[in-house]
Amino acid sequence: MSASPYTGDVEVGGPPHVRELPGLTISKLAVSEMANNAYLLRDTATREALLIDAAADPAALRALIGDADLRTVVTTHGHWDHHRALPEVVEATGAVTVAHAADAADLPVPVRRTVEHGDTVAFGDQTLEVIHLRGHTPGSIALVWRGPDDAGVHVFTGDSLFPGGVGNTQKDAARFTSLIDDVEQRLFGTLPDETWVYPGHGKDTTIGAERPHLGEWRERGW
């Protein structure tokens, strides 16, 4: 029986959704009462893996990792709900912790590598581009994977971009302006419409589905 098509619509306590792309496997799992998304990226050729947001439920994350060679854990931002399982995952795997310098002090373990806008993070034969999106937190980042032509572009946005809007800025006008400016310039301004968006909570979307609503988001202020 063939695997079900990937939708990204996962539920806490349910199985991960797995997406097979040329050279890369993406496994999405929802964990915790906050329904955080954790993403395991595995390089097909080397089995080397990278985890985005060790959010919670170390046992579930260990099961997700399985026999993959986890070398790196990237935390998209410093909010507590995105790194509660980080100490256990790092202890079990020895993975290198990665986060933006501005949020590194908020993590529960030392960050072995800090990154800035424009840096890259490699695992196996794959490379992720770091996009700094200021506003939800000072050091929030997105990660972009550009596959071969038939694989497209994929972006992991943490809590900076969701279906229907940007991340929460607690009604702070300056933070909202900073975030939506960065999202518009650094994501919508550089990525094609077919780019698949994997957020830190909830369902996936695409750049093309969200692009027409930027003006509405600016007008409403959140």
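In which sense do β9 and β10 pair, and over how many bridges? The two strands pair in the antiparallel sense, over five bridges. Welcome to this predicted model. Two open sheets are a good place to begin: one has seven strands, and another has six. After those, the briefing turns to the aromatic rings, the charges that sit over rings, and two residues with a positive phi.

**The seven-strand sheet**

- The order of the strands is β1-β2-β3-β4-β5-β6-β7, and their pairing is mixed.
- At the edges stand β1 and β7 (113-115); each has a single partner strand, so one side of each is left without a neighbour in the sheet.
- On average, and with direction ignored, neighbouring strands of this sheet are turned by 20 degrees against each other.
- Inside the sheet, β4 (residues 48-52) pairs with β5 (residues 69-74) in the parallel sense, and five bridges connect them.
- To find this pairing in the model, look for L50, which stands opposite T72 in β5.
- Helix α1 (residues 58-65) packs on the sheet and touches β2 (24-31), β3, β4 and β5. The direction of α1 makes about 165 degrees with that of β2.
- Helix α2 (residues 86-93) also packs on the sheet, where it touches β4, β5 and β6 (96-100). Between the direction of α2 and that of β5 the angle is about 150 degrees.

**The six-strand sheet**

- Here the order reads β8-β9-β10-β11-β14-β15, again with mixed pairing.
- The edge strands are β8 (120-123) and β15 (205-206); each has a single partner strand, which means that one side of each is left without a neighbour in the sheet.
- β8 and β9 run antiparallel and are joined by four bridges. Among the residues involved, F123 has Q126 in β9 as its bridge partner.
- β8 and β9 form a hairpin with two residues between the strands, and in this hairpin G124 takes a positive phi near 55 degrees.
- In the pairing of β9 with β10, which opened this briefing, E129 stands opposite V144 in β10.
- How many of the seven residues of β9 are buried? Five of them are, so to speak, under cover: the strand is mostly covered.
- Helix α3 (residues 173-188) lies across β9 (126-132), β10 (141-146) and β11, and runs at about 150 degrees to β9.
- Further along the sheet, β11 and β14 run parallel, with four bridges joining them. F156 has Y198 in β14 as its bridge partner, and both residues return in the next group.

**Aromatic rings**

- A pair of aromatic rings is described by the distance of the centres and the angle of the planes.
- Seven aromatic pairs are found in the structure.
- One of them joins Y6 and Y198 in a tilted arrangement, with 6.3 Å from centre to centre and 50 degrees between the planes.
- This pair links distant parts of the chain: Y6 belongs to the segment before β1 (17-21), Y198 belongs to strand β14 (residues 196-199), and they are 192 residues apart.
- Are Y6 and Y198 buried or exposed? Both are buried.
- Another pair, Y39 and F156, is edge-to-face, with centres 5.2 Å apart and planes at 70 degrees.
- Distant parts of the chain meet here too, as Y39 is in strand β3 (residues 36-43) and F156 is in strand β11 (residues 153-158), 117 residues apart. Both Y39 and F156 are buried.
- Through ring pairs, Y6, Y39, F156, W196 and Y198 are linked into a cluster.

**Charges over rings**

- R19 has its charged end over the ring of W196, at 4.2 Å from the ring centre. W196 is also one of the residues in the aromatic cluster.
- R220 has its charged end over the ring of W222, at 3.7 Å from the ring centre.

**Two residues with a positive phi**

- D53 is a residue other than glycine, yet its phi is positive, near 70 degrees. Look for D53 in the loop between β4 and α1.
- Why does D53 count as buried? Its relative accessibility is 2%, and the cut-off for buried is under 20%.
- Q170 is not a glycine either, and its phi is positive at about 50 degrees. Q170 lies in the loop between β13 (165-166) and α3.
- With 46% relative accessibility, Q170 counts as partly exposed.

Key
Residues numbered from 1 in each chain as written. Predicted model: local features only at pLDDT ≥ 70, side-chain atom pairs only at ≥ 80, totals over all residues. Heavy atoms only, no water. Phe/Tyr/Trp six-rings, centres within 6.5 Å; stacked < 30°, edge-to-face > 60°. Buried < 20%, exposed > 50% of the residue type's maximum accessible area, 1.4 Å probe, protein only. Lys NZ or Arg CZ within 6 Å of the ring centre and 35° of its normal. Pairing = 2+ DSSP bridges. Axes fitted to C-alpha atoms, helices over the stretch in contact; angles between N-to-C directions. Contact = heavy atoms within 4.5 Å.
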